Amino acid sequence: MVARIVACGLLIVLAPPLAAQEDPSLAGPPEPRVVTISPDQAVERANALYEAGQIAEALDLLKSVLKTAPGHIEAMLLGAEILIASNDYDLARTYYKGVLDKEPSNFKANLGTGKIWLANKYWRQAVSFLEKAENVAPQEGRSEVKRLLAGAYAQVGQLQKAIDKGLEAVQIAPDDLDALLTLIEIRQAMLVRDPEQVELALADAEKYVQKAAQAVAWAPLDRRALARLDGAYNLLVTFGPKQGILQVYHNSFYQKDFRGQPTDELQPGKGADAAALLMRIADVYRQQALLRLIGAERDAILLNETAVGDEYDARNVRYWEQLALSYQQLQDLTAKLVGPEVYADPTLQERTVEACRKVLELEPDNERAQQYLRRVGVPFTPPSAPDTP
């Protein structure tokens with residue numbers, strides 16, 4: 001297939017398939033079939049290519065559109081989005097500038113330009129474009145732009161404005177973990193100058209831990225969900241010079257020396273409060289250790305699954321038994337960490353069932369596999385009893 005661009009749109013020249021042609025010895029050259037699509041249709045096609053992971057093809061098509069229809073807004077916006085995802089910020093900014101020259105209040109162009117400046121750590125430039133984006137943000141884009149603007153304000157030292165904007169982002173999208181995390185990080189930055197932020201930061205961090213744990217319950221095999229929960233625990237307790245919020249709060253119950261540093265002497269009447277925080281810190285240590293065990297079990301499952309692949313040892317009954325057991329162990333460990341909600345997710349149970357069925361295919365009288373299928377209510381055909389003479 002050969003494609004070329006003309007001023008009226010995109011021409012795709014298609015030769016008919018050989019099966020539809022006459023005897024080539026009798027017929028002349030086949031007449032090409034020409035299909036014309038508009039620039040808007042070409043942009044839709046480019047978006048479909050992008051969503052399918054064909055990034056280079058999508059960009060090539062968009063560049064062809066822009067040769068045919070210079071200044072096409074949607075082509076430049078989609079092209080810039082794809083370029084940002086490919087870390088080509090310079091050309092992306094050129095595309096966004098082309099949009100803003102025509103539509104100074106374009107939301108996507110202002111937001112995208114703000115993201116580019118954030119990525120390059122030009123905080124004040126980011127603030128300028130994100131403020132413009134906020135002024136024209138549609139309902140579905142308000143939380144994101146406010147979250148980004150909160151982070152930009154924090155970077156230029158406008159911490160109260162950052163807190164206010166972070167709160168707005170969370171209020172708009174209470175389930176947006178990125179918005180909540182941004183608010184917590186800003187509160188952490190304020191702890192040095194405003195110790196009263198510690199209780200607010202702790203309340204937000206505990207909420208973040210709960211939401212991150214819920215995400216793990218819904219997707220126990222998702223590495224990103226596990227990593228987010230680990231990061232949530234690190235907000236509460238960390239090792240090294242930057243202390244977690246629980247540690248900062250615990251230190252606030254001790255008397256200070258002449259340099260303003262906490263001593264090992266508790267303030268009067270603060271023993272019970274300090275003890276409660278010590279117990280919570282101990283809980284976080286245990287939870288983090290269990291989370292790391294879950295991560296190790298998940299990695300072990302990936303190895304088990306490879307071992308029973310068709311190219312390896314797919315008929316090894318013991319390997320299939322171990323895989324089924326690993327799925328059950330991962331589900332039980334995750335439930336211990338984040339609660340019984342994990343049993344409502346069918347992913348691990350379905351995989352265990354399939355592994356047990358494979359065990360019974362290879363070893364029909366395997367009692368452990370039969371017991372599991374009976375327990376979860378999955379029908380199977382038990383082995384026939386041997387004939388007696």
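User: What makes P39, A42, V43, A46 and L49 a buried side of helix 1?

Analyst: In this predicted model, P39, A42, V43, A46 and L49 are the residues of helix 1 that are buried, a word that requires under 20% relative accessible area. They cover an arc of only 115 degrees around the axis, and therefore lie on the same side of helix 1. The face turned away from that buried side carries E44 and E51, which are exposed. As a general matter, an α-helix has 3.6 residues a turn, so residues three or four places apart point the same way.

User: How do you know that the length of helix 1 agrees with its number of residues?

Analyst: Helix 1 covers residues 39-51, and at 1.5 Å a residue its 13 residues should span 18 Å; the end C-alpha atoms are 18 Å apart, so the two values agree. Just after helix 1 comes G53, which takes a positive phi of about 85 degrees.

User: Why is A80 called buried, and what does A80 touch?

Analyst: The relative accessible area of A80 is 0%, and the cut-off for buried is under 20%, so A80 is called buried. A80 lies in helix 3 and, not counting residues up to four places away in sequence, touches A92, Y95 and Y96. The C-alpha atoms of A80 and A92 are separated by 4.2 Å, although the two residues are twelve apart along the chain.

User: Which residues of helix 4 are buried, and what do they pack against?

Analyst: A92, Y95, Y96, G98, V99 and L100 are the buried residues of helix 4, and the buried residues of this helix pack against helix 2 (55-68), helix 3 (73-85), helix 5 and helix 6. As for length, the 14 residues of helix 4 should span 20 Å at 1.5 Å a residue, and since the end C-alpha atoms are 20 Å apart, the expectation is met.

User: How do you know that the length of helix 6 agrees with expectation, and which helices do its buried residues pack against?

Analyst: For helix 6 (residues 123-135), 13 residues at 1.5 Å each should span 18 Å, and the end C-alpha atoms are 18 Å apart, so the length agrees. Its buried residues are A126, V127, F129, L130, A133 and E134, and they pack against helix 4 (89-102), helix 5 (107-119), helix 7 (142-155) and helix 8 (159-172).

User: What makes the charged end of K132 count as sitting over the ring of F129?

Analyst: The charged end of K132 is 5.1 Å from the centre of the F129 ring, where the distance limit is 6 Å and the charge must also lie within 35 degrees of the ring normal. K132 is accordingly listed as sitting over that ring.

User: Why is the pair of W117 and Y122 called edge-to-face?

Analyst: A search of the whole structure finds two aromatic pairs. In the pair of W117 and Y122, the centres are 5.3 Å apart and the planes stand at 70 degrees; rings pair if their centres lie within 6.5 Å, and planes over 60 degrees apart count as edge-to-face, so both conditions are satisfied. W117 counts as buried because its relative accessibility is 15%, whereas Y122, at 43%, is partly exposed.

User: What makes the pair of Y249 and F253 tilted?

Analyst: Y249 and F253 are 5.2 Å apart centre to centre, with 40 degrees between the planes. That angle is neither under 30 degrees, as stacked would need, nor over 60, as edge-to-face would need, so the pair is tilted. Y249 is buried at 15% relative accessibility, and F253 is buried with a relative accessible area of 7%.

User: How do you know that strand 4 and strand 5 pair?

Analyst: Two bridges join strand 4 (residues 254-256) to strand 5 (residues 262-266), and at least two are needed for strands to pair, so the condition is met. The strands run antiparallel, and L266 in strand 5 is the bridge partner of Y254. They form a hairpin with five residues between them, and G260 in the turn has a positive phi of about 85 degrees.

User: Why does T334 count as buried, and what is T334 in contact with?

Analyst: T334, placed in helix 14 (residues 317-338), has a relative accessibility of 0% and therefore counts as buried. Leaving aside neighbours within four places in sequence, T334 is in contact with V216, P220, I294, G339 and V342.

Technical notes:
Residues numbered from 1 in each chain as written. Predicted model: local features only at pLDDT ≥ 70, side-chain atom pairs only at ≥ 80, totals over all residues. Heavy atoms only, no water. Helix = DSSP H or I, 4+ residues; strand = E, 2+ residues; numbered from the N terminus. Phe/Tyr/Trp six-rings, centres within 6.5 Å; stacked < 30°, edge-to-face > 60°. Buried < 20%, exposed > 50% of the residue type's maximum accessible area, 1.4 Å probe, protein only. Expected span 1.5 Å × (residues − 1). Contact = heavy atoms within 4.5 Å. Arc of directions from axis to C-beta.
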